[in-house]
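Thank you all for making the time this morning. I would like to walk you through one chain, going from a single residue outwards to the sheet and the cores, and then to a charged side chain that I find worth a closer look.

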Amino acid sequence: MHVIGGPASTALAERISRELGNAPFAIPFTKRFPDGEIYLRVGGRFEGEDVVIVQSTRADQDLLELLLLEDAVREAGARRVFVVVPYLGYARQDRRFFPGEPVSARTFCRHIELDADAVVTVDLHSRQTLDQFSKPAFEASGIPAIARLLRERPIDVLVSPDQGGIDRVRRMAQLLDKPWFAMHKKRLDSEHVELSLPNEFPVPIEGKQLVIVDDVITTGGTIVEAARLLKKRSVAGVSASCTHGLFLRDAFERIKANVDEVYSTDTLGNPAEKASVAPDIAQILLRETAA
Ligand code: R5P
């Protein structure tokens, strides 16, 4: 099996190749044509081989690079192409909210799978997005990676910032054998939220070390509000964790000013990247390539 690290996910791709028993790893040569179009070239031939391409699609150009990479490895003789998209961009528009809108997640899935035999992604905004793929598609979880990290830290209670995150925080709590609770969240606009604490807690939170567990941090509005509210209850400390750390603009600095630690996985590459999803992705690849 060969692993190709797309420009958006080079470091994670290399970690995945190591988890696959030091599978041969390569990165494509890329440049821009004078008119701005993307050029890329993958070295070597993959006659009869399985090839894994790793590329998050956060920026618009990431999708184009991924499509070009898929075609390039097919041209180079790949037998099967496994596409790993650690962070699937445009996944939040997973339905038509207003007339005239596209279902962006659906069209992304259709294009990504065009030259793929199977797709692996991590913590989708909505699990139903997996159904948009017509080829085999698998979702790895970022929770075990964060749990492996938190096991080494002094943690008392886990917190979901919203009711939608209950399954996530419950799973993390099971792995760490810790109590948890969920806040209530009302989104005011894309940057502001209103949060409230539940009426009851599984244990008193005063003097405790809390970790907020979220799937994605974007503007940081949710984490900052959650941390402010929790600190009013005389907790010993508040940290924040997420699978996908987008940290738009000054989000990371604003969060750091309000929490003790920020933990993120490496699906995107950011200053809070302290846990790797490489073992969890590799496990799926090993299982599926053996099939
Ligand atoms: C919401 O459904 C998600 O789980 C996150 O809480 C949200 O996307 C975080 O966004 P922000 O950092 O902009 O508050």
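Let me begin with Val 54, which sits in strand E5, the stretch covering residues 50-54, and let me say at once that what you see is a predicted model. Is Val 54 buried or exposed? Its relative accessibility is 0%, and because buried means under 20%, Val 54 counts as buried. If we leave aside the neighbours within four places in sequence, Val 54 is in contact with Val 3, Ile 4, Gly 5, Gly 6, Ser 9, Ala 13, Ile 16, Val 84 and Pro 86. As for Val 73, which lies 19 residues from Val 54 along the chain, the two C-alpha atoms are separated by 12 Å.

Turning to the sheet, E5 is one of six strands that form an open sheet in the order E2-E1-E5-E6-E7-E8, with parallel pairing. Its edges are strand E2, at 25-26, and strand E8, at 137-140, each of which pairs on one side only. At the E2 end, strand E1, residues 2-5, runs parallel to E2 and is joined to it by two bridges, and Ile 4, which we have just met as a contact of Val 54, has Ala 26 as its bridge partner in E2.

Next, the nonpolar interior. The largest nonpolar core has 37 residues, and those with the most contacts inside it are Ile 16, Val 84, Leu 150, Leu 158, Met 172, Ile 281 and Leu 285. Helix H4, residues 143-150, supplies the largest share of this core, namely six residues, while at least three residues come from each of domain 1 (2-141 + 277-290) and domain 2 (144-266). Apart from this core lies another, of 29 residues, which includes Leu 197, Phe 201, Ala 240 and Phe 252. Looking at Leu 158 in more detail, and again setting aside residues up to four places away in sequence, we find that it touches, among others, Leu 150, Met 172, Trp 180, Phe 181, Val 211 and Val 213.

Finally, consider Asp 214, which is found in strand E13, residues 209-217. Which side chain of opposite charge is nearest to Asp 214? It is that of Arg 168, 4.0 Å away, and Asp 214 is buried yet has no salt bridge. Beyond four places in sequence, Asp 214 touches Pro 161, Arg 168, Thr 222, Ser 241, Cys 242 and Thr 243.

How values were computed
Residues are numbered from 1 along each chain as its sequence is written. This is a predicted model: local features need pLDDT of at least 70, side-chain atom pairs count only at pLDDT 80 or more; totals for chains, interfaces and linings use all residues. Side-chain values use heavy atoms; hydrogens and water are left out. Helices (H or I, at least four residues) and strands (E, at least two) are DSSP runs, numbered from the N terminus. Buried means under 20% relative accessible area, exposed over 50%, partly exposed in between (1.4 Å probe, protein chains only). Lys and Arg count as positive and Asp and Glu as negative; His and the chain ends are not counted. Contact means heavy atoms within 4.5 Å. A nonpolar core is a set of buried Ala, Val, Leu, Ile, Met, Phe, Trp, Tyr and Cys residues joined through side-chain atoms within 4.5 Å. Domain bounds come from an automatic or database domain assignment. Two strands pair if DSSP finds at least two bridges between them.
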